[in-house]
Amino acid sequence: MPRTEPFERHTSRYDNWFEENRPLYASEVETLRAIMPPYAKGIEIGVGSGRFAVPLGILFGLDPSPAMLRVARSRGIRAVYGVAEKLPFTDSSFDLVLMVTTVCFLDDIVSAFREVNRILTAGGSFIIGFIDKDSPVGRIYQEKKNRNVFYKLATFYSVEEIVSLLKDSGFEDLSFTQTIFRDLKDIHDQEPVLPGYGKGSFAVVRAIKR
């Protein structure tokens with residue numbers, strides 16, 4: 001079952017986070033932008049309210065939450081209902097697929113990654129942004145997850161776990177960017193974007209379909 005209940009009940013709370021935490025949000029967007037290649041047709045899986053698709057110029061989205069879909073559509077995203085584990089698209093439909101803070105809410109990450117591989121064109125890019133469970137923020141989120149209406153349902157992953165899953169799903173040529181290097185309470189302006197991973201709490205991986 002899709003883990004949509006918190007997003008249906010707390011849609012405004014979710015969307016308002018981006019306004020209340022502008023420096024963090026901007027840092028994440030720029031870290032994704034830094035690793036995005038040119039593309040012809042992209043989609044965000046787990047598009048939510050469109051907060052990443054819109055600034056990154058991605059026109060298509062998919063989400064299992066009707067409430068989130070309504071917000072994404074109001075922002076101009078061509079968003080459809082569906083789940084990552086069974087994408088309602090034909091083979092080789094897109095040359096870029098984005099997932100941001102979505103992997104932790106998947107019911108079956110292996111099936112989802114295989115589905116992404118299926119809908120990508122050969123040489124297409126799969127970009128994943130997530131909180132590294134081995135990072136300072138990741139450890140805090142895990143410790144406090146039962147007190148958070150969203151993350152209480154989450155399964156966190158390390159960069160190494162995501163890399164292994166990507167390789168097993170038919171992806172190669174991995175590259176990385178990272179941001180969020182300070183405690184969240186100390187961030188009042190945009191964080192730097194650096195290559196690699198292991199220092200920043202927000203990690204981005206780009207993988208290419210074989």
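# Rings, charges and cores

Both phenylalanine 18 and tyrosine 25 are buried. They also form an aromatic pair. The model is predicted, and everything below is computed from its atoms. The ring centres of phenylalanine 18 and tyrosine 25 lie 5.0 Å apart. Their planes meet at 70°. The pair is edge-to-face, because angles over 60 degrees fall in that class. In total, the model has eleven aromatic pairs.

A second pair has another geometry. The ring centres of phenylalanine 176 and tyrosine 197 are 4.7 Å apart. Their planes stand at 50°, so this pair is tilted. It links distant parts of the chain, 21 residues apart. Phenylalanine 176 belongs to strand 6 (residues 171-179). Tyrosine 197 sits in the loop between strand 7 (194-195) and strand 8 (202-209). With 36% relative accessibility, tyrosine 197 is partly exposed.

Return now to phenylalanine 18 and tyrosine 25. Both belong to one aromatic cluster, together with Tyr14, Trp17 and Phe52. Phe52 leads on to the nonpolar interior. Leaving aside residues up to four places away in sequence, phenylalanine 52 touches Phe18, Tyr25, Glu28, Val29, Leu32, Glu44 and Val100. Phe18 and Tyr25 are thus both cluster members and contacts of phenylalanine 52.

In soluble globular proteins, nonpolar side chains tend to be buried together. Here the largest nonpolar core has 36 residues. Which of them touch the most other members? They are Leu32, Phe52, Leu56, Ile58, Leu98, Ile127 and Phe202. Several elements give two or more residues to this core: helix 2, helix 3, helix 4 (53-56), helix 5, strand 4 (94-100), strand 5 and strand 8. Helix 3 provides the largest share, four residues. Another core, of 31 residues, lies apart from this one. Its members include Phe89, Phe130, Ile162 and Val205.

Next come the charges. The model holds twelve salt bridges. In one of them, arginine 75 and aspartate 15 meet through their side chains at 2.9 Å, N to O. Arginine 75 lies in the loop between helix 5 (66-74) and strand 3 (78-81), and aspartate 15 in helix 2 (residues 11-20), so the bridge ties together parts that are 60 residues apart in sequence. Is each partner buried or partly exposed? Aspartate 15 is buried, at a relative accessible area of 10%. Arginine 75 is partly exposed, at 31% relative accessibility. The two do not stand alone: Asp15, Glu19, Arg22, Arg51 and Arg75 are linked in a network of salt bridges.

Glutamate 30 and arginine 33 make a salt bridge within one helix. Their side chains meet at 3.2 Å, N to O. They are three residues apart in helix 3 (residues 22-33), which means that about one helical turn separates them. Glutamate 30 is partly exposed at 29% relative accessibility. Arginine 33 is partly exposed too, at 36%.

Lysine 133 and glutamate 161 form a further salt bridge, at 3.3 Å, N to O. This pair links distant parts of the chain, 28 residues apart. Lysine 133 is in the loop between strand 5 (120-131) and helix 7 (136-144). Glutamate 161 is in helix 8 (residues 159-168). Lysine 133 has 22% relative accessibility, so it counts as partly exposed. Glutamate 161 is likewise partly exposed, with a relative accessible area of 31%.

Charges also meet rings. The charged end of lysine 41 sits over the ring of phenylalanine 60, 5.2 Å from its centre. Lysine 41 also lies over the face of phenylalanine 94, at 5.0 Å from that ring centre.

One polar side chain completes the tour. Asparagine 117 is part of helix 6 (residues 109-119). Where does its side chain reach? It comes to the backbone oxygen of glycine 170, at 3.2 Å. Beyond residues up to four places away in sequence, asparagine 117 touches Ser169, Gly170, Phe171 and Lys209. Asparagine 117 is buried: its relative accessibility is 15%, and the limit for buried is under 20%.

Definitions and conventions
Residues are numbered from 1 along each chain as its sequence is written. This is a predicted model: local features need pLDDT of at least 70, side-chain atom pairs count only at pLDDT 80 or more; totals for chains, interfaces and linings use all residues. Side-chain values use heavy atoms; hydrogens and water are left out. Rings of Phe, Tyr and Trp (its six-membered ring) pair if their centres lie within 6.5 Å; planes under 30 degrees apart count as stacked, over 60 as edge-to-face and the rest as tilted. Buried means under 20% relative accessible area, exposed over 50%, partly exposed in between (1.4 Å probe, protein chains only). A charge sits over a ring if NZ of Lys or CZ of Arg is within 6 Å of the ring centre and within 35 degrees of the ring normal. A polar contact is a pair of N or O atoms within 3.5 Å; within protein, one must be able to donate a hydrogen and the other to accept it, and residues adjacent in sequence count only if both atoms are side-chain atoms. Contact means heavy atoms within 4.5 Å. A salt bridge is a side-chain nitrogen of Lys or Arg within 4 Å of a carboxyl oxygen of Asp or Glu. A nonpolar core is a set of buried Ala, Val, Leu, Ile, Met, Phe, Trp, Tyr and Cys residues joined through side-chain atoms within 4.5 Å.
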